[in-house]
Structures are given as structure tokens and as C-alpha cells.
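Q: Could you take me through one part of this model closely, the contact between the two chains, and then follow the chain on from there?

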Amino acid sequence: MTFLRDTYVVFARALRLSLRNPAWVVIGLTQPILYLLLFGPLLKPLAGQLGGDPWRVFVPGMLVQLGIFGGMFVGFGLIAEYRAGVIESMRVTPASRVSLLLGRVLRDVLVLLVQATLLTLVALPLGLRAPVAGVIVALLAVGLLGAAFSAVSYAVALTLKSEDALAPLLNAVAIPLLLLSGILLPMALAPLWLRRLSDVNPLKHVVDGLRTLFRGDLWSSAAILGLSMTVLLVVLGTWFGTRTFRRESA
Amino acid sequence: MITARGLARTYRSRRGDILAVRGVDLDVADREIVGFLGPNGAGKTTTLRMLTTLLEPTAGEATVAGCDLRTDPVGVRRRIGYVSQSGSTYPEARAGEELVDHARLYGIRTQEAVRRGRELFERLDLPGLWDRQTKTLSGGQRRRLDIAMGLINEPVLVFLDEPTTGLDPQSRANLWQHVRSLRDDRGSTVFLTTHYLDEADALCDRILVIDDGRIVAEGTPDELKRGVSGDAVILTVADPAQLPRTIGTVSGLVGVSDQSEDGGVVRFRVPDGAAVLPALLRALDAAGVAPTSVEVRRPSLDDVFLSLTGRSLRDEPADATVGATP
């Protein structure tokens with residue numbers, strides 16, 4: 001009960017601060033829309049190779065990208081709060097340590113779901129046609145993916161406590177993760193060695209799963225594998241995050 | 001209010017273990033204002049972070065506000081207020097909202113939180129600042145807001161970490177007033193750290209002097225000043241011919257130490273300078289010495305610190321990183 005209340009207080013405070021300074025929300029949203037508008041049209045001639053509607057291939061990729069980046073960079077905000085003494089002052093209250101993390105992660109998930117929904121809606125007039133049920137499940141998966149990355153980002157930020165250390169680390173992780181996930185183009189187009197390499201990247205399976213969902217195959221093995229991977233990432237991410245937030249010296 | 005025995009904290013680093021706090025014993029009574037005095041890196045903040053549950057001690061035990069530090073940290077958190085050096089509010093956030101959210105993390109209902117918050121704003125001279133972003137507040141206002149954050153749960157024990165560092169003299173004097181009223185009007189116990197001697201002197205009932213991770217002395221400001229170094233007496237003699245007799249007379253007094261002479265100025269220390277003065281003047285008169293001036297200087301806490309540690313409080317410690325906030 002107090003855990004839920006604490007989580008809500010942290011969530012509401014974080015959301016209020018986001019809404020008051022929406023620059024990041026807007027930038028986070030315009031980037032995938034720019035991809036849709038400026039990169040999407042390049043895929044049209046590739047429709048044959050992609051096996052059908054290029055938007056059903058491209059939009060799920062953009063959603064996963066939004067989930068990864070929307071979650072991954074939230075740690076910077078936490079470092080700013082830490083510097084201002086906010087984290088410390090919350091830690092001397094009886095509030096649950098996990099609430100301090102979870103409230104913020106939930107804010108990020110909410111922001112992400114709004115962005116992901118808008119992104120999908122913008123893709124409709126461009127030519128996206130996909131079954132509603134599949135899209136809704138895909139959006140929820142993006143929310144979970146964002147939660148995983150957000151929890152990890154906060155935990156890493158709280159450990160490093162320095163933007164100068166966090167920025168290179170995130171970039172070093174993000175780019176290979178992105179390239180090996182088939183977000184921009186499906187890995188089916190890749191040579192065998194690259195495809196094998198991408199198989200070890202759980203995000204590749206998430207992207208494949210989301211593409212299957214956008215085709216409406218809710219019960220296909222690819223969809224189930226992708227969703228399982230998402231759940232696994234969320235479990236690992238929140239475990240790592242809560243462990244860090246519970247640690248006394250963090 | 002606080003009982004600590006053998007409280008210690010070791011940090012692990014690549015160069016080996018660093019003993020930030022080497023085993024602190026301390027007792028703080030109800031309604032006492034106790035100052036924790038020491039140079040940067042002496043272990044003040046580390047000790048404070050242990051007592052406020054932010055840092056787990058590597059050894060020792062403590063009871064804070066009636067709760068055991070190790071077994072009931074949540075109980076400690078409920079009963080204490082902590083005003084850290086680094087602030088407590090987000091620059092973009094509004095002052096009143098930060099205060100109310102902070103209260104709600106203690107389980108205080110919004111309505112009650114607003115009522116208490118408004119009252120604290122009134123008492124801490126923050127009128128009309130409720131809806132202001134905290135980045136627009138002055139240093140003194142922000143520090144008073146931090147204190148309001150620390151008081152919102154009506155704590156019986158308030159920890160203040162270097163409350164006046166970085167404030168202008170006027171804001172400092174104003175803040176001292178507020179710290180005194182914590183005890184005088186609210187009946188709280190106050191435990192503060194400072195590296196300002198005048199602050200410890202002006203504010204504290206009792207002072208604990210910490211150096212290099214251990215407590216090296218404790219007492220009231222007067223006790224510390226009296227017990228350790230005594231008052232300085234400075235005698236000026238114009239006629240060099242009178243100097244030997246002057247020195248002889250001074251040496252004959254009871255309890256004189258640190259006697260020196262330089263260019264007709266004779267200095268020495270004596271436990272109670274004011275009480276010695278009449279006898280000294282009579283003895284000098286009898287010896288035919290006519291001093292041009294006599295001055296008695298009460299020792300400052302700086303003298304105390306110097307005599308305890310051999311270093312001035314203003315000196316940087318040997319390793320400035322030891323005991324610093326991790």
C-alpha cells in the first residue's frame with residue numbers, strides 16, 4: 001500500500017516535471033517521425049525484397065528504436081537530480097527505495113506510449129495498414145522494452161553519477177545494439193555471418209516479433225519469441241535497477 | 001537522542017582501504033545543539049550519512065531517535081530530518097510542490113502537507129515563494145527551503161550538514177537564528193556539522209571536534225577553549241631595561257605556559273587570564289615595571305583545533321579525498 005503510494009508520488013512528480021519542460025518529449029517524438037518521412041520513402045522500391053508492405057516492416061522498427069532510445073537516455077535526468085540533492089533527500093524519507101526507481105520508470109513508459117501511439121498514427125496516412133490487435137500488443141511490448149532500458153539507464157546513472165561517463169557508455173552500447181537488431185532493414189537481407197551475429201541480440205527478435213504482430217500473426221512463433229524476449233529484458237532490467245537502488249551507497 | 005559506539009566506515013579503493021571514519025563514539029542528549037567541527041575530509045559528512053541511514057557503517061552500532069540504525073533504518077528515517085550540503089530540490093521544480101511531494105513520501109496527506117508547508121514557508125521567511133522554481137531563489141532562500149524540506153515530517157532530531165557554507169554573512173546570521181529556534185521553539189535536537197569556528201561557537205551547546213576520522217575532543221565551546229590552551233596575555237614594555245624583570249615576574253606566576261618575548265612584547269598563556277591580571281599588575285608594579293599595554297585574548301576554537309591536531313582548521317588535510325562524500 002505505502003509502496004504503491006510512494007511509487008505514485010514519485011511518478012506524478014516526475015511526470016509534472018516532464019510536462020513542464022516538454023522539450024525532450026518533443027525531440028524524442030520528432031526524430032522517429034523524421035525517419036518515417038525522410039527515410040521511409042526509400043523503402044518503397046524495396047517492397048518486393050521486403051516481402052510486402054514496407055511500412056509494416058519499417059514502423060515496428062521505428063517503434064523499437066523509440067523504445068530503446070526513449071529508455072536509454074533517461075539516466076541523464078537522474079544525474080541532474082542527484083546533483084541537485086533530490087535523490088539523497090528522497091532516500092532519507094521512509095519511502096521504498098524501489099518506488100524511487102519505479103515511479104520514474106512508469107513516467108518514462110507513459111511518455112513512450114504516447115510517443116509510440118503518435119508515431120503509429122502518423123504512419124497511417126503514409127500508407128501503413130495493420131490489424132488493430134497486433135498493433136496494440138506491439139505498442140505494449142514497446143512500453144515494456146522502454147521500461148527495461150529506463151530501469152537499466154537509471155541504475156547505471158546512479159552508479160556512475162557523471163554525464164561524462166554515462167554518454168560514451170550509452171553510445172558504445174546503443175550503436176552495435178541498433179545495427180544488429182535489423183531496425184532499419186530486416187536482417188533477412190543480411191549475409192549469413194551477419195544474420196548469425198544478430199541472432200544473439202535479443203532486440204533483433206523483438207523487432208522480428210513486432211513485425212509479425214503488424215502482419216497480424218499474433219500466435220506465430222516469431223511473435224511469441226519477440227514478446228518473450230521483451231518480458232525477459234524487463235525482468236532483467238528491473239532486477240538490475242532495483243538491486244542498484246536498494247544498495248545503500250548508491 | 002543519539003548514542004553511537006565504534007561507528008566506522010571504510011571505503012574500498014584501488015589503493016586499498018580508506019578509513020574515512022575510524023570508530024566514533026558519541027552521545028547527544030534531547031534538546032541539545034551539538035556541533036561536529038573539523039576540516040574538510042575529517043569524516044564529518046561520512047559520520048552524518050551513517051547516522052541518517054544513507055550509508056551503512058562497516059563497524060559499530062548506533063541508536064538514533066530511539067531506533068536502531070541497523071535493524072530499523074525506516075524508523076530512524078521517520079523521526080529525523082536531514083538537510084544535506086548539496087540541496088534537496090530540483091532547479092526546474094516549484095518550491096511548494098517539492099515540499100509537498102517530500103511530505104507525501106512520509107505518508108503525509110496532501111492537504112496536511114500543504115498546511116505544514118505553508119506554515120514552514122511563513123516561519124522560514126519564504127513568503128510568496130511557493131510557486132517559484134527553486135532555481136530562481138537566492139542561496140539563502142534555497143538553504144531555508146532545504147531546511148523546510150528537512151522539517152516537513154516534524155522530526156525530533158534534525159541533522160544539518162554545513163548549513164551556512166556559501167552563504168553571505170547576513171544570510172548566515174539569519175540562518176543561525178532559525179537553527180536556534182528549532183530547539184527553542186520546537187524542542188528539537190540539532191546535530192550540525194561545520195568547519196566554521198564562529199558558527200560552532202555561536203550556535204552549539206556542545207562541540208565534538210573530529211580530525212582524521214576520529215573524535216579528538218568534546219565539550220562546550222568555553223570548556224574547549226579553557227581546558228586546552230588557556231588565554232593569551234600580551235604585555236608590551238617600552239623600556240628594554242625593564243624586560244628581564246618583566247620576564248622574571250611573568251615566570252613567577254602560577255600556570256604560565258608558552259612564554260615568549262619579541263621586541264619588547266612578552267606573550268604567554270595562562271588558564272584564566274582575567275583572574276590573573278590584577279596579581280600580574282601588582283607584581284609588575286612591585287618589580288618596578290611599567291607596561292605600556294596589557295591585553296588578554298580569549299582563545300578561539302582555532303587555537304583549540306591547532307593545539308589538538310597541530311594544524312590550523314583552515315589547512316587542507318593531508319589527503320583531501322579521505323572521508324569526502326563518495
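A: Happy to! Two residues are in contact if their C-beta atoms, placed from the backbone, lie within 7 Å. Please keep in mind that this is a predicted model. By that criterion, the contact draws 21 residues from chain A and 26 residues from chain B. On the side of chain A that touches chain B, the elements giving two or more residues are α1 and α7 of chain A. Helix α1(A) supplies the largest share of that side, six residues. Sorted by character, the residues of the side of chain A that touches chain B are eight nonpolar, six polar and seven charged.

Now let's cross over to chain B and look at helix α3, which covers residues 95–104. Ten of its ten residues are buried, so the helix is mostly covered. Among the buried residues of α3(B) are Leu99(B), Val100(B) and Ala103(B), and also Glu97(B), Glu98(B), Asp101(B), His102(B) and Arg104(B). What do they pack against? In chain A, the buried residues of α3(B) meet α1 (2–20) and α7 (86–91), and in chain B they meet α4 (110–123) and α5 (139–151).

Further along chain B there is an open sheet of four strands, in the order β12-β13-β11-β14, with antiparallel pairing. Strands β12 (257–262) and β14 (293–297) of chain B are at the edges with a single partner strand each, so one side of each has no neighbour in the sheet. From one strand to the next, the twist averages 15 degrees. The partner of β14(B) is worth a look: strand β11 (residues 231–236) of chain B is joined to β14(B) by five bridges, and the two run antiparallel. Within that pairing, Leu235(B) has Val294(B) as its bridge partner in β14(B).

Helix α10 (residues 273–286) of chain B lies across β11, β13 (265–270) and β14 of chain B, and it runs at about 160 degrees to β14(B). One residue of helix α10 of chain B is Leu284(B). Is Leu284(B) buried or exposed? Leu284(B) counts as buried, because it has 20 C-beta neighbours inside 10 Å. Leaving aside residues up to four places away in sequence, Leu284(B) touches Thr246(B), Thr249(B), Val289(B) and Pro291(B). As for Ile247(B), 37 residues separate it from Leu284(B) in sequence, while the C-alpha to C-alpha distance between them is 9.8 Å.

Methods. Residues are numbered from 1 along each chain as its sequence is written. Chains are lettered from A and ligands numbered from 1 in the order in which they are written. This is a predicted model: local features need pLDDT of at least 70, side-chain atom pairs count only at pLDDT 80 or more; totals for chains, interfaces and linings use all residues. Two strands pair if DSSP finds at least two bridges between them. Axes are lines fitted to C-alpha atoms, for helices over the stretch in contact, and angles run from 0 to 180 degrees between N-to-C directions. A residue is buried if 20 or more other C-beta atoms lie within 10 Å of its own, exposed if 12 or fewer, and partly exposed in between; C-beta atoms are placed from the backbone. Ala, Val, Leu, Ile, Met, Phe, Trp, Tyr, Cys and Pro count as nonpolar, Asp, Glu, Lys and Arg as charged, and the others, Gly among them, as polar.
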